Amino acid sequence: MFTGQQIVGEFRRMGITHVVFLPDSTLGLWEEAMNDADDIEVVRVCREGEAWAIAAGLYLGGKQPLVMIQCTGLFESGDALRNVVHDYKLPLFGVIGYRSYLSQASIPGDTCLTFTEPILKAWNLDYCFIDTPEKLNMMADHYQSCQQSDQPGIALIAEGKA
Amino acid sequence: MTAETNMTLIDCLNVLKEVRRDEAVISVMGTAREWSSLSSHPLDFIYVPSSMGQATSLGLGIAMAQPNRRVVVCQGDGSMLMNLGSLVTLSAHAPRNLTVLLFDNGVYEVTGIQKTLATPELRKDQQSVNYAEMAKACGFSTVFEIDELDTWKQSARECLDAEGPVFVVLKTAPMLDGGGPKSPGPAAQRIRDFAEALQSQ
């Protein structure tokens, strides 16, 4: 749905300094453009739980990070997320890939469609949903709104076809 | 953990306190319990409550944000087992200013001294997991393994000054009456105070 250049442009509009990141088949397509951006540092992780704590450390040190992972990684990383955004009330922001939303051709009956949004709601995460190309600018708008209110937030991006 | 070690967590942390200058020190679980009674420096972060295993990741983020500041992460082997992949992440990003102190006592001390699966008694092969070798295999080039207090006293400053990432295994005896750590105050306020100290000092 988006090119890496479009995503980098949006991150620049947000003032993001670090993208703490684990790729999937959609998000991974943006990695080259992020790596080519001199003003954005990509911080790859081995598993998603690490990502929230690393982003927290970057934030404490004065940077403007975001976490970019698939919804399956959101499921995996629940305790790390809970700790930094609820125990410590850090206004961290995530970009979450919504697996199979646009097509279930690869994974028919994918339960990511069942659980992703209820889990975001269960974690009290304010999210915007981006499922068409013209909604991309919602990401920066939502980020700015969350930063102004000192709250965490999520941009949920539909995946499943180009 | 070697059953013969006489080195204690408190002894080791006292040495850290003696050699510490302006490093940021993150402590968690048992190390937080003891460090909070030994030190009250603005650059201490008592990571309680924590997400178990995430202290190394938190330390990496701080180290990357502030490359001119040494960051010291103090955690136990039980926490390390919760986030072994972070060793690969740490060595991949290779912050020159990060030291991880792993206090290896072979047990989950704060939950009742249950042995970890890295101890011989719970393993079919009856062999200890070697964290120092694990760190080397994950890409750490500077690794210390210490089981005597005098050696730690002689090496501690070097462990904080060496080019990171540095991984230090300190083999300690479990504290039978240790108990759980307590948060020294409201978590959200403490972390904001810590961030302010990081960004102002």
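Just past helix α6(A), A:Asn124 takes a positive phi of about 55°. Keep in mind that this is a predicted model.

The helix before that residue, α6 of chain A, spans residues 112-122, and its buried residues are A:Cys112, A:Thr116 and A:Leu120. Looking down the axis of α6(A), you'd find these buried residues within an arc of 45°, so they line one face of the helix. Flip to the other side of α6(A) and you get A:Thr114, A:Pro118, A:Lys121 and A:Ala122, which are exposed. And what sits over the buried residues? The cover of α6(A) includes these elements of chain A:

| Element of chain A | Residues |
|---|---|
| α4 | 71-76 |
| β4 | 93-98 |
| β5 | 126-130 |
| β6 | 153-158 |

Now for the helix pair α3(A) and α5(A). Their axes come within 7 Å and cross at roughly 20°. With an angle under 35 degrees counting as roughly parallel, α3(A) and α5(A) are therefore roughly parallel to each other. The crossing of the two is left-handed. On the α3(A) side, the contact is made by A:Gly49, A:Trp52, A:Ala53 and A:Ala56, while α5(A) brings A:Ala80, A:Leu81 and A:Val84. Sorted by class, that makes six nonpolar residues, one polar and no charged ones.

Then there's the chain partner. In all, 23 residues of chain A are in contact with 27 residues of chain B. On chain A's side, β2 (41-44), α3 (48-60) and α5 (78-87) each supply at least two residues. The largest share, nine residues, comes from α3(A). The residues on this side of chain A split into eleven nonpolar, five polar and seven charged.

Methods
Residues are numbered from 1 along each chain as its sequence is written. Chains are lettered from A and ligands numbered from 1 in the order in which they are written. This is a predicted model: local features need pLDDT of at least 70, side-chain atom pairs count only at pLDDT 80 or more; totals for chains, interfaces and linings use all residues. Two residues are in contact if their C-beta atoms, placed from the backbone, lie within 7 Å. Helices (H or I, at least four residues) and strands (E, at least two) are DSSP runs, numbered from the N terminus. Ala, Val, Leu, Ile, Met, Phe, Trp, Tyr, Cys and Pro count as nonpolar, Asp, Glu, Lys and Arg as charged, and the others, Gly among them, as polar. Axes are lines fitted to C-alpha atoms, for helices over the stretch in contact, and angles run from 0 to 180 degrees between N-to-C directions. Angles under 35 degrees count as roughly parallel, over 145 as roughly antiparallel, 65 to 115 as roughly perpendicular and the rest as oblique. A crossing is left-handed if the near helix is turned anticlockwise from the far one by less than a right angle, and right-handed if clockwise. A residue is buried if 20 or more other C-beta atoms lie within 10 Å of its own, exposed if 12 or fewer, and partly exposed in between; C-beta atoms are placed from the backbone. The arc is that of the directions from the helix axis to the C-beta atoms.
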